[in-house]
Amino acid sequence: MAYKITLIPGDGIGPEVTRAAVRILEATGIKFSWETFAAGAEAFEKYHEYIPKELTESIERTRVGLKGPVTTPIGGGFASINVQLRKQFELYANFRPISNLPHIPTRYPRVDLIIVRENTESLYSGIEHEVVPGVVESLKIITEKASTRIARFAFEYARKYKRKKVHAIHKANIMKMSDGLFLRCSRAVAKDYPEITYGEHIVDNTCMQLVMNPYQYDLLVMENLYGDIISDLCAAFVGGLGFVPGANFGDHCAIFEAVHGSAPDIAGKDIANPTAVIRSALLMLHHLGEENAAARIQMALENVYRTKDKLTRDVGGSAGTSQFADYVIEEMEALKPAEANSMARS
Ligand code: NAI
């Protein structure tokens, strides 16, 4: 039986990088049945809807999506498709693992951090209005329900994957009510996980602490805006946004996507780096329980990263997007299944 997956290639470099990821996924031998849809401006031209009904119905059916970046107009136009999808499907947990790849020069080797970001509220509620001309109010919404839910997600992940520490990140010294509530919920959930060390750090201090010594953290959980900023800061530890995968989890479905944008400056040139989408596809395989296939791709990807010539231009190589996918597939074929199986078990 094939896995039914909703595929949103996206805009700009999206179709190129998702095509590379799809080819690699198919090279595992696992059967996929892709339901492909446009979103955003392209969808509007075709269906007069930014998120077409057919796309919504597909996600409701498949419960798993793989998504490329979608262009969002700045300072006007339609709301971010990502934010809309997260709200529509109640994808409350944004999950970003931060880890190095070989041969990518970074300030810190062997970083291994997890960022869990609440995805549905805080200042991203989008509740803004003009109070009087020249004064705009933007509301930060924090609820007990969403704060408890995201803390539970973080601790459950920590327990399942044997993470030792969870830090709740906040600014409750200033936003005593909203961030205060977030902290109270995190503390209450932490009590159910006595084997995990729980800590609390103020968000500005966290930025400094991360840059001084990222190894002091293990898993960080926070509200939406802090999560947006801190997860990009952490991406810099492993070479930038081009390397970091992302996943958005709800109780009923999950959408996997790279964190970089549609890169209109390099779109259509077959030079974009597909690594972040490939790593997002790996998260999807873990979600589907396909651990061996995920391990095989992970090993192949790391092997490709050991040869500079096989890399894309942004990291000093000369390979095109599709050629990079060819190299990963060649490495997958060269790997003995036993090697990947033993990696999946370790
Ligand atoms: P961007 O990430 O698209 O580009 C920033 C810089 O990084 C550019 O120089 C670009 O060429 C480079 N870059 C990005 N991804 C790359 C890749 N895979 N390989 C090689 N180089 C890469 O960010 P920007 O310019 O701020 O946003 C462009 C558009 O993307 C905007 O409309 C924005 O709203 C949208 N966007 C969409 C996201 C999503 O759908 N998940 C996330 C972030 C931005």
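Start in the middle of the sheet: select Gly-65 and Ile-255, which are bridge partners, the latter lying in E12. The model on screen is a predicted one.

**Strand E3 and its neighbours**

Extend the selection to the whole of E3, residues 64-67, and to E12, residues 254-258. These two strands pair in the parallel sense, with four bridges between them. Now show the side chains of E3. In a regular strand, side chains point alternately to the two faces of the sheet. Val-64 and Leu-66 are on one side of E3, Gly-65 and Lys-67 on the other, and all of them are buried, so both faces of the strand are covered.

Next select E1. Three bridges join E1 to E3, and the two run parallel. To find the register, pick Ile-8 and look across to E3, where Lys-67 stands opposite.

**From E1 to E2**

Add residues 3-8 (E1) and 32-36 (E2), a parallel pair with five bridges. Leu-7 is a convenient marker here, with Thr-36 of E2 opposite. Follow the chain from E1 through helix H1, residues 14-26, to E2: this β-α-β crossover is right-handed.

**The helices across these strands**

Keep H1 selected. H1 lies across E1, E2 and E3, and its direction makes an angle of about 160° with E2. Then select H3, residues 53-62, which lies across E1, E2, E3 and E12 and runs at about 150° to E1.

Within H3, pick Glu-54. Is this residue buried, partly exposed or exposed? Its relative accessibility is 32%, and because the partly exposed class lies between 20% and 50%, Glu-54 counts as partly exposed. Apart from neighbours within four places in sequence, Glu-54 is in contact with Phe-37 and Tyr-47. For a sense of distance, select Glu-333 as well: the C-alpha atoms of Glu-54 and Glu-333 are 36 Å apart, with their positions 279 residues apart in sequence.

**The whole sheet**

Now colour the strands. What is the order of the strands in the open sheet? Ten strands run E2-E1-E3-E12-E11-E4-E5-E10-E8-E9, and the pairing is mixed. The edges are E2 and E9 (197-202); each has a single partner strand, so one side of each is left without a neighbour in the sheet. Looking along the sheet, the twist from one strand to the next averages 25°.

Move along this order to E5 and E10. E5 covers residues 112-118 and E10 residues 219-222; the two run parallel and are joined by four bridges. Select Ile-115 to see Leu-220 of E10 opposite.

**Zooming out**

Finally, show the full chain, which has twelve helices and twelve strands. The C-alpha trace spans about 55 × 50 × 40 Å along its principal axes. The radius of gyration is 20 Å, which agrees with the value near 20 Å for a compact globule of 346 residues.

Colour by accessibility next: buried residues make up 54% of the 346 residues. The chain exposes about 15,900 Å², of which carbon and sulfur atoms supply 55%. A contact map gives another view: of the contacts with a separation of 6 or more, 73% are between residues 24 or more positions apart.

Methods: Residues are numbered from 1 along each chain as its sequence is written. This is a predicted model: local features need pLDDT of at least 70, side-chain atom pairs count only at pLDDT 80 or more; totals for chains, interfaces and linings use all residues. Side-chain values use heavy atoms; hydrogens and water are left out. Two strands pair if DSSP finds at least two bridges between them. A crossover is right-handed if, with the strands pointing away from the viewer, the path from the first strand over the helix to the second runs clockwise. The radius of gyration is taken over C-alpha atoms; the globule rule is 2.2 Å times the number of residues to the power 0.38. Buried means under 20% relative accessible area, exposed over 50%, partly exposed in between (1.4 Å probe, protein chains only). Contact means heavy atoms within 4.5 Å. Accessible areas come from the Shrake-Rupley method with a 1.4 Å probe; for residues, only the protein chains shown count as cover. Axes are lines fitted to C-alpha atoms, for helices over the stretch in contact, and angles run from 0 to 180 degrees between N-to-C directions.
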